[in-house]
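Trainee: I have a structure open and would like to talk it through with you, starting with the pockets. Could you take me through it step by step?

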Amino acid sequence: MKLYLDTANVEEIKTAASWGVICGITTNPSLAAKETENFNKILTSICNEVDGPISAEVTSMDYEGMVREARELAGVHKNVVVKIPVMPEGLRAVKTISAEGIRVNVTLVFSVNQALLAALAGASFVSPFLGRLDDIGHTGVELVRDIVDMIDLHDLDCQVIAASIRHPEHVPRVALAGAHIATVPFKVLEQMFKHPLTDIGIEKFLSDWKKKQGK
Ligand code: E4P
């Protein structure tokens, strides 16, 4: 399973990229709204930092607007993947722009049906939002597993991005459910490194080494 970072913050992206573990970025309008700079400028900076799929979302809700925005976003850099919500006008737009060679990440997916429709329309990625399902008392990881099974069973050309990840334990769970990618907030990526026995182990190794050096 690959890891993407879910953020529009270029400093977080630079730091995470320096750790060598992420190979793509997802953004959304809420994440973009937290930043002060113009979004196209941010998108260009992100593409300069990470050489992999960079998802940027349309905000138009009509077919013509989505197609226009998708072409504009895809024009920013060859790695831009256009994010489109799963809705009838959205999937119509997916059909048009994927036929032009623009990759699409269909977002706000909460059911296997929505994922199937997205893949059939030509989406390269589908993003089930597990945290938001957990928030309303469902088990998001089960949806991820069902979508992966459906895609594999029918040999659909679409990758599953486990999105809306809220805590580090979500990551191994979606990896075992077969997600192709997990997109994680910066805080979760930092938490993934952490284990108290690692900290204790490092401290012990260093203190033993210092004793040997007579320090
Ligand atoms: C993914 O593509 C979305 O940007 C993101 O994971 C949404 O996460 P949230 O439910 O924590 O807002």
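**Pockets, helices and buried sites**

Mentor: This is a predicted model, and in it the second largest pocket is lined by Thr27, Asn28, Pro29, Ala32, Phe39, Asn40, Glu57, Thr59, Glu69, Glu72 and Leu73.

Trainee: Which elements give two or more residues to that lining of the second largest pocket?

Mentor: Those elements are α2, α3 (39-49) and α4 (63-76), and α4 gives the most to the lining of the second largest pocket, with 3 residues.

Trainee: What is its volume, and how does the lining of the second largest pocket split by class?

Mentor: The second largest pocket has a volume of about 160 Å³, and its lining has 4 nonpolar, 4 polar and 3 charged residues.

Trainee: And how much space lies in the largest pocket?

Mentor: The largest pocket holds about 380 Å³ of space. It is lined by 26 residues, of which Asp6, Asn28, Leu31, Lys34 and Pro185 lie nearest its centre. Two elements, α2 (29-33) and α10, give two or more residues to this lining.

Trainee: Which element gives the most to the lining of the largest pocket, and what classes are there?

Mentor: That element is α10, with 3 residues, while the lining of the largest pocket as a whole has 9 nonpolar, 9 polar and 8 charged residues.

Trainee: Let's stay with α10, then. Which of its residues are buried?

Mentor: In helix α10, which spans residues 186-193, the buried residues are Phe186, Val188 and Leu189. They lie on the same side of α10, because they cover an arc of only 165° around the axis.

Trainee: What do the buried residues of α10 pack against?

Mentor: They pack against β1 (2-6), α1 (10-18), α9 (170-176) and β8 (181-184).

Trainee: Since α1 is on that list, which residues of α1 are buried?

Mentor: The buried residues of α1 are Val10, Ile13 and Ala16. Their arc around the axis is only 125°, so they sit on the same side of α1. On the other side of α1, Glu11 and Ser18 are exposed.

Trainee: And what do the buried residues of α1 pack against?

Mentor: Their partners are β1, β2 (25-26), α3 and α10.

Trainee: Switching to β8, is threonine 183 buried or exposed there?

Mentor: Threonine 183 lies in strand β8, and it counts as buried because its relative accessibility is 2%, where the cut-off for buried is under 20%.

Trainee: Which residues does threonine 183 touch, beyond those up to four places away in sequence?

Mentor: With those neighbours left out, threonine 183 touches Tyr4, Leu5, Asp6, Thr26, Ile161, Ala162, Ala163 and Ile165. If you want a distance to check in your viewer, the C-alpha atoms of threonine 183 and valine 126, which are 57 residues apart along the chain, are separated by 12 Å.

Trainee: What about serine 55, where is its place?

Mentor: Serine 55 is in strand β3, residues 54-57. Its relative accessibility is 2%, so serine 55 counts as buried. Apart from neighbours within four places in sequence, serine 55 is in contact with Ile25, Thr26, Thr27, Val81, Lys83 and Asn105.

Trainee: New topic: how many disulfides does a search of the whole structure find?

Mentor: That search finds 0 disulfides. Cysteine 23 is in none, and the nearest cysteine sulfur, that of cysteine 47, is 14 Å away. Cysteine 158 is in no disulfide either, the nearest cysteine sulfur being that of cysteine 23, at 16 Å.

Trainee: Why do those distances rule the pairs out?

Mentor: A disulfide requires a pair of cysteine sulfur atoms within 2.5 Å, so the 14 Å from cysteine 23 to the nearest cysteine sulfur does not qualify, and nor does the 16 Å found for cysteine 158.

Trainee: Are these two cysteines buried or partly exposed?

Mentor: Cysteine 23 is partly exposed, with a relative accessible area of 29%, whereas cysteine 158 is buried, with a relative accessible area of 5%.

Trainee: Last one: what does the protein look like overall, in numbers?

Mentor: The protein has 11 helices and 8 strands, and its C-alpha atoms fill a box of roughly 75 × 40 × 30 Å along the principal axes. Of its 215 residues, 45% count as buried. Among contacts between residues at least 6 apart in sequence, 57% join residues at least 24 apart.

Technical notes:
Residues numbered from 1 in each chain as written. Predicted model: local features only at pLDDT ≥ 70, side-chain atom pairs only at ≥ 80, totals over all residues. Heavy atoms only, no water. Buried < 20%, exposed > 50% of the residue type's maximum accessible area, 1.4 Å probe, protein only. Helix = DSSP H or I, 4+ residues; strand = E, 2+ residues; numbered from the N terminus. Arc of directions from axis to C-beta. Contact = heavy atoms within 4.5 Å. 1 Å grid on protein atoms, 1.4 Å probe; cavity = no way out; pocket = protein on both sides within 12 Å on 5 of 7 lines; lining within 4 Å. Points joined across faces, edges and corners; volume = space filled by probe spheres on them. Nonpolar A, V, L, I, M, F, W, Y, C, P; charged D, E, K, R; others polar.
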